[in-house]
Each structure stands twice: as structure tokens, then as C-alpha cells.
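Me: I would like to go through the surroundings of the ligand in this structure step by step. Could you reason through each point before you give the value or name?

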Amino acid sequence: MTGITRRVALMATAAAAVALSTVAFAQEGLPKLEKKDTYKVGFAQTESNNPWRIAQTESMKAEAEKLGYQLVYTDAAGSAAKQVADVNSMIAQGVDVIFLAPREEKPLIPAVMAAKKAGIPVILLDRNVDQSLAKAGEDYVTFIGSDFIDEGKRIAEWLVQNKPDGAKIIQLEGTTGSSPANDRKKGFDEALAGKAGFEILASQSGDFARDKGRQVAEALLQAHPDADVIYAHNDEMAMGAIAALEAAGKVPGKDVLVLSIDGGKEAVQAVVDGKIAAVVECNPRFGPKAFETLARYANGETIEAWVKNVDKFYDPTNAAAEVANAY
Ligand code: GYE
């Protein structure tokens with residue numbers, strides 16, 4: 001080894017040591033999870049008003065049962081304030097670990113911090129919290145979920161490819177302040193920015209709900225009768241938009257293309273039927289991955305900041321073959 005290569009090698013070793021100690025320190029700040037035969041596990045669900053949430057809860061319950069763990073389940077019924085109270089009650093009950101699906105990015109920060117203070121590790125499921133206020137590996141163990149920015153981007157790219165002459169778009173956003181609503185909008189808007197002929201006429205929240213989605217779509221279609229695309233941040237609002245279109249005497253799939261995210265059975269069937277043009281999957285079956293992550297953490301593994309779910313894509317080329325596998 002020459003003097004220079006030796007010095008470079010030494011520097012690299014020193015840099016690696018610093019990087020390692022940062023990681024170790026960050027994980028050391030987290031509450032530990034003892035290795036045990038069975039656990040008392042909290043799952044703080046955000047709401048149960050749609051098939052996606054119901055499928056997720058079923059998947060979590062089934063996996064807990066399979067492992068013989070006790071599941072303390074709460075449903076915040078669409079209220080961030082109730083979800084904070086639910087987490088506090090789990091802390092009071094002395095659960096070993098908390099799975100939290102934070103309804104909104106900011107209001108659930110106090111719940112994450114309270115669990116950390118009480119020495120209970122938190123694993124975020126399907127939605128994230130504000131990254132400037134809490135961090136994986138420091139305040140909570142990890143976020144398990146999809147890349148929502150990429151989901152929005154994939155829908156936009158499909159649109160540009162399949163409707164190259166442009167589009168006049170109505171966007172139905174998810175729950176205001178939730179990470180999937182923020183990021184599905186960001187990915188979509190950024191992918192279309194500067195694309196000639198693609199115009200977002202209006203963008204408004206339908207709260208990830210079918211009824212609200214229908215109402216908002218109805219009002220926006222009246223204000224913008226020239227719209228020829230509706231992009232909904234989830235299937236429930238897409239189904240609501242289809243109802244609004246039909247009530248307005250328009251043919252979904254012909255007069256107006258509907259685009260969606262989630263990929264539940266009803267929506268994938270709607271692709272087969274020509275009512276929805278394309279859907280990015282966001283699979284709610286979190287049980288196996290959630291409990292596997294818990295086991296890895298209890299084993300002393302350093303968990304990556306983001307355990308990423310990989311999403312499929314449905315359009316008329318594959319929907320008929322995929323409908324049976326959809327949740
Ligand atoms: O798309 C939606 C649900 O947080 C990824 O929330 C989840 C979203 C999902 O209510 O249908």
C-alpha cells in the first residue's frame with residue numbers, strides 16, 4: 001500500500017465508523033423490545049369506513065392470532081384526537097409495542113412521542129408522520145408502507161402515455177394532512193407540471209370517503225363541465241366519482257376517464273367493466289410484514305427507516321387476470 005492509498009483507506013474506515021456509530025446511537029435512543037414467546041400488541045386503526053381499512057384490520061388480526069399474540073385494537077373513527085387518546089390508553093395498558101396508522105401527519109406526533117417516553121416502540125403502518133417532527137430510528141422504529149409520491153407519478157405517466165393530446169383534470173384528494181393525500185398529489189402534480197395540454201382544473205379533498213367523493217365530484221363537474229379526467233386518491237372516492245358522473249348523464253370511461261389508487265376488488269372489476277381506466281395498487285394486507293418487522297426488531301436487528309411496499313398497476317391489459325387476487 002502506498003502512503004496515499006493507506007491514508008485513503010484509513011479515512012474510509014474512520015467514515016464508516018462514524019456512520020455506524022450514528023446508526024447505533026439512533027437505534028439506541030429507541031425503546032427496546034425484549035425477545036419473548038408472546039406479545040401484547042396495540043394496533044391503533046384510523047377508521048373502518050372502507051374495504052381497505054377493513055382488509056387491513058383483518059390482516060393484522062389474523063396474523064396476531066396465528067402467532068398467538070394478544071391484540072389490543074382501537075378504531076379512531078376518523079378522528080385524530082381520538083387516535084391520540086387510543087394510543088395513550090394502550091400505553092396505560094402496558095402493551096409491548098404499538099402499530100399505529102396515523103390518520104394525519106402532524107396531530108399524531110404527540111402520540112408517537114408519548115409512547116417513546118413510556119418506553120414502548122412504535123411501528124408506523126401505511127401512513128407516515130411529519131418527518132421534520134419525528135424520525136424513524138429515533139422516535140419510532142420504522143414506517144411500513146407504499147411510496148405515495150411514486151403512486152401519483154405512475155398514474156400521471158399512464159395518463160400522458162394513454163391520452164397524449166392532453167387532459168382537463170379534476171383531482172379528488174384524500175384526507176387533508178394525511179401523508180398519502182399530500183404525496184399522491186405531489187407525485188401527480190409534479191409529473192404533469194409543464195406538460196403541454198395537461199391542466200388540473202380543480203383539486204379538492206373528498207376525505208378518502210365514497211360519499212364525500214361523490215359530493216365533491218358532483219360540485220366540481222358542475223363548475224368544470226369540460227373536465228375529461230377525474231383522478232381520485234383512492235378507490236372509494238373513484239367509485240363516488242363514477243356515481244356522480246352517471247348522475248350527471250356522463251359515461252365514465254368514455255366522456256371522462258377515472259383514475260384511482262388502492263386496487264380493491266370493486267375497482268379492479270370496474271377496470272374490467274371499462275368504468276375505471278387505471279389503478280395503482282396500494283395493498284392493505286399488512287399483517288405478515290408488520291409482525292415480521294416486530295420479530296426482526298426484537299431480535300436486535302437495525303430496521304431500515306422505511307420498509308417499502310411494492311405496488312402493482314392495473315389497467316385493461318391485466319385487470320381481468322388480477323381481479324381474483326385483489327382484496
Ligand atoms: O389508500 C385509503 C385509506 O393510508 C394508504 O388510506 C392508506 C390510504 C388508502 O383510507 O383507501
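The questions and answers below concern the ligand site of this predicted model.

Me: Between which domains does the ligand lie?
Reply: The shell around the ligand draws residues from two parts of the chain, one of them built from two segments. Because both parts contribute, the ligand lies between domain 1 (40-145 + 284-310) and domain 2 (148-282).

Me: How many charged residues does the shell around the ligand have?
Reply: The residues around the ligand include R53, D126, R127, R184 and D262, alongside others such as W52 and F148. Sorted by class, the shell has 4 nonpolar and 2 polar residues, and its charged residues number 5.

Me: What percentage of the ligand's accessible area does the protein cover?
Reply: Oxygen atoms of the ligand have polar side-chain atoms at 2.9 Å in R53, at 3.0 Å in N234 and at 2.6 Å in D262. On its own the ligand has 300 Å² of accessible area, and the share of this that the protein covers is 100%.

Me: Which elements give two or more residues to the shell around the ligand?
Reply: The space that the ligand takes is the largest cavity. The elements giving two or more residues to the shell around the ligand are α2 (51-67) and α6 (179-192).

How values were computed:
Residues are numbered from 1 along each chain as its sequence is written. This is a predicted model: local features need pLDDT of at least 70, side-chain atom pairs count only at pLDDT 80 or more; totals for chains, interfaces and linings use all residues. Side-chain values use heavy atoms; hydrogens and water are left out. A residue is near a molecule or strand if one of its heavy atoms lies within 4 Å of it. A polar contact is a pair of N or O atoms within 3.5 Å; within protein, one must be able to donate a hydrogen and the other to accept it, and residues adjacent in sequence count only if both atoms are side-chain atoms. Accessible areas come from the Shrake-Rupley method with a 1.4 Å probe; for residues, only the protein chains shown count as cover. On a 1 Å grid over the protein atoms alone, a cavity is a set of points where a 1.4 Å probe fits but cannot get out, and a pocket is an open set with protein on both sides within 12 Å along at least five of seven lines; lining residues have an atom within 4 Å of a point. A molecule sits in a cavity or pocket if more than half of its atoms lie within 2 Å of its grid points. Helices (H or I, at least four residues) and strands (E, at least two) are DSSP runs, numbered from the N terminus. Ala, Val, Leu, Ile, Met, Phe, Trp, Tyr, Cys and Pro count as nonpolar, Asp, Glu, Lys and Arg as charged, and the others, Gly among them, as polar. Domain bounds come from an automatic or database domain assignment.
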